[in-house]
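Reader: I am new to this structure. Please show me how to read its helix packing and its internal spaces.

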Amino acid sequence: MPDVIADPETDPRATYAVDPARVRALTARVVASGEPLTTHTPMTGAPLATLPTATAADVAVAVDRARAAQRRWAAVPVAERTRRLLALHDLVLTRQSELLDLVQLESGKARSHAFEEVADVAIVARYYARRGPAHLADEPHLGVFPVLTRSTEHHRPKGVVGIVSPWNYPLSLAVTDALPALVAGNAVVLRPDPRGSLPALAAVDLPVEAGFPADLVQVVLGGADTGAAVVERTDYVCFTGSTATGRAVAAAAGRRLVGASLELGGKNSVYVADDADLRRAVPGVLRACFASAGQLCVSAERLLLHERVAHEFLGRFLEAVSAVRLSTGLHWDADMGSLVGPAQLERVLAHVDDAVAKGATVLAGGRARPDVGPYVVEPTVLAGVTSAMACRDEETFGPVVAVHRVADDDAAVALANDTEYGLNASVWTRDTRRGRALAARIEAGTVNVNEGYAAAWGSIGSPMGGMKASGLGRRHGREGILKYTEAQNVSVQGLVNIADLPGLRGASYARALTGALRAMRAARLP
């Protein structure tokens with residue numbers, strides 16, 4: 001693997017942003033025989049790394065290795081599996097400096113937003129270390145005849161779980177979906193997005209250091225073909241990405257009759273009610289709209305303002321937007337970083353230009369900032385957005401939010417639900433009872449009251465996922481681990497079986513069973 005792709009004497013961007021020796025160490029265990037792929041950092045446009053890619057045959061090898069390791073791993077007691085997560089929790093916090101650098105270099109996001117990923121991995125590791133055994137424990141149920149029949153529900157591992165993770169959260173979404181799968185007794189084959197491979201590679205070394213078997217997590221690198229090969233060969237699929245690709249993943253899994261969980265697109269709304277505390281709402285909405293430069297599935301792209309507070313809120317909000325510090329540096333002194341690359345830059349600017357051409361007004365931002373970084377766009381606030389404009393209903397996935405004034409709560413709920421998506425929403429009100437009532441009416445998998453997204457995302461004990469075109473299944477909590485298992489019912493009949501009692505045949509059997517059923521109803525048994 002070459003250490004440079006051009007002469008640094010003539011091209012100052014020619015040297016790799018990550019030491020090639022470090023890249024070779026990170027990729028030492030991957031199965032790859034495909035054409036090398038060179039990636040670039042959105043921070044400067046400089047070459048980032050040259051990565052070995054996997055063919056479909058390489059994916060088959062990786063799955064076979066994982067399957068062999070899984071058979072041994074499934075025999076390890078759950079309590080022993082979970083203990084290793086606490087070691088991983090400590091490792092990710094200790095090694096955060098390099099992980100933060102890699103996340104920033106690949107995604108372009110600000111360091112504070114990169115830290116959200118480190119914290120997320122630690123929180124998920126701790127949660128499943130503490131709660132995993134209880135979630136996976138055998139569950140006794142009443143048999144058809146109490147006392148006479150004993151029924152137990154067991155949770156058996158699926159086998160090899162395929163995870164296809166996205167570029168926007170390259171550390172968090174590569175690792176946190178894998179941890180419950182491992183605790184449940186599965187192996188994992190991970191295909192991170194090519195624009196998010198290095199943090200995933202660095203992170204999957206940590207489970208090995210924490211005591212997980214080396215072959216239990218396999219990483220294969222490459223594009224859509226590699227991801228498709230993972231989907232076609234694994235026993236369960238976890239995918240995070242666009243709705244269009246998610247539909248294709250679901251169809252492929254369906255043909256093989258294997259399960260899939262999908263977190264897909266969103267067109268998320270934040271509603272500022274007339275009684276909202278604007279001192280809290282302004283910075284909170286700012287984070288909801290512009291964290292990770294809007295490249296977050298749960299980012300807000302619609303800002304719904306009650307008409308009684310719209311003027312005051314906008315005055316404060318636009319002032320805060322104008323003060324956002326933009327940077328592509330590996331430091332903490334930035335509020336927002338870069339988009340991930342040229343395609344995303346083109347999409348974001350196209351949405352803004354389309355809206356302006358059709359009559360929308362730019363209240364803030366709206367421009368690219370090549371002086372800061374090649375793919376940086378200012379945080380942008382639009383007014384007058386209509387259904388004729390692409391950004392009204394399509395996911396922009398960038399730092400663009402459209403302002404809509406609403407007359408009351410009913411209008412806010414109607415607008416929040418007027419989308420094919422249903423991933424996340426946010427409600428700001430001093431009256432938390434009102435906030436909960438509004439949340440119950442919004443068609444979204446998560447709704448935050450007086451927070452943008454972190455409250456729901458960080459509450460790992462509760463499920464996280466989308467309604468409508470935003471996906472299937474859930475991550476986090478009990479659902480987030482049991483989806484990686486097969487529920488098995490083992491029922492043991494005791495010494496007496498009513499059907500075998502002397503004289504109980506035909507009508508007499510029916511009478512006896514009828515009496516037993518009435519008795520169980522009277523005893524209030526389920």
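Author: What follows takes a helix pair and then the cavities, in a model that is predicted.

Reader: How are two packed helices described?

Author: The description uses the angle between the two axes and the distance between them. Here, the axes of helix H3 (residues 78–94) and helix H5 (residues 111–136) cross at roughly 165° and come within 8 Å. An angle over 145 degrees counts as roughly antiparallel, and H3 and H5 are therefore roughly antiparallel to each other. Their crossing is left-handed.

Reader: Which residues of H3 and H5 make the contact?

Author: H3 contributes Val78, Thr82, Leu85, Leu86, Leu88, His89, Val92 and Leu93. From H5 come Val118, Val121, Ala122, Ala125, Arg126, Tyr128, Ala129, Arg130, Pro133 and Leu136. Sorted by class, this contact has 14 nonpolar, two polar and two charged residues.

Reader: How is empty space found, and how many cavities of 30 Å³ or more does the whole structure have?

Author: A probe the size of a water molecule, rolled over the atoms, shows where empty space is left. Searching the whole structure in this case gives seven cavities of 30 Å³ or more. The largest cavity has a volume of about 80 Å³.

Reader: What lines the largest cavity?

Author: Its lining consists of Leu26, Arg29, Val30, Leu201, Val204, Asp205, Val217, Gln218 and Val219. Helix H8 (197–210) and strand S7 (217–219) are the elements that give two or more residues to this lining.

Reader: How many residues of each class are in the lining of the largest cavity?

Author: There are six nonpolar, one polar and two charged residues in that lining.

Methods: Residues numbered from 1 in each chain as written. Predicted model: local features only at pLDDT ≥ 70, side-chain atom pairs only at ≥ 80, totals over all residues. Heavy atoms only, no water. Axes fitted to C-alpha atoms, helices over the stretch in contact; angles between N-to-C directions. Helix = DSSP H or I, 4+ residues; strand = E, 2+ residues; numbered from the N terminus. Parallel < 35°, antiparallel > 145°, perpendicular 65-115°, else oblique. Left-handed = near helix turned anticlockwise from the far one by under 90°. Contact = heavy atoms within 4.5 Å. Nonpolar A, V, L, I, M, F, W, Y, C, P; charged D, E, K, R; others polar. 1 Å grid on protein atoms, 1.4 Å probe; cavity = no way out; pocket = protein on both sides within 12 Å on 5 of 7 lines; lining within 4 Å. Points joined across faces, edges and corners; volume = space filled by probe spheres on them.
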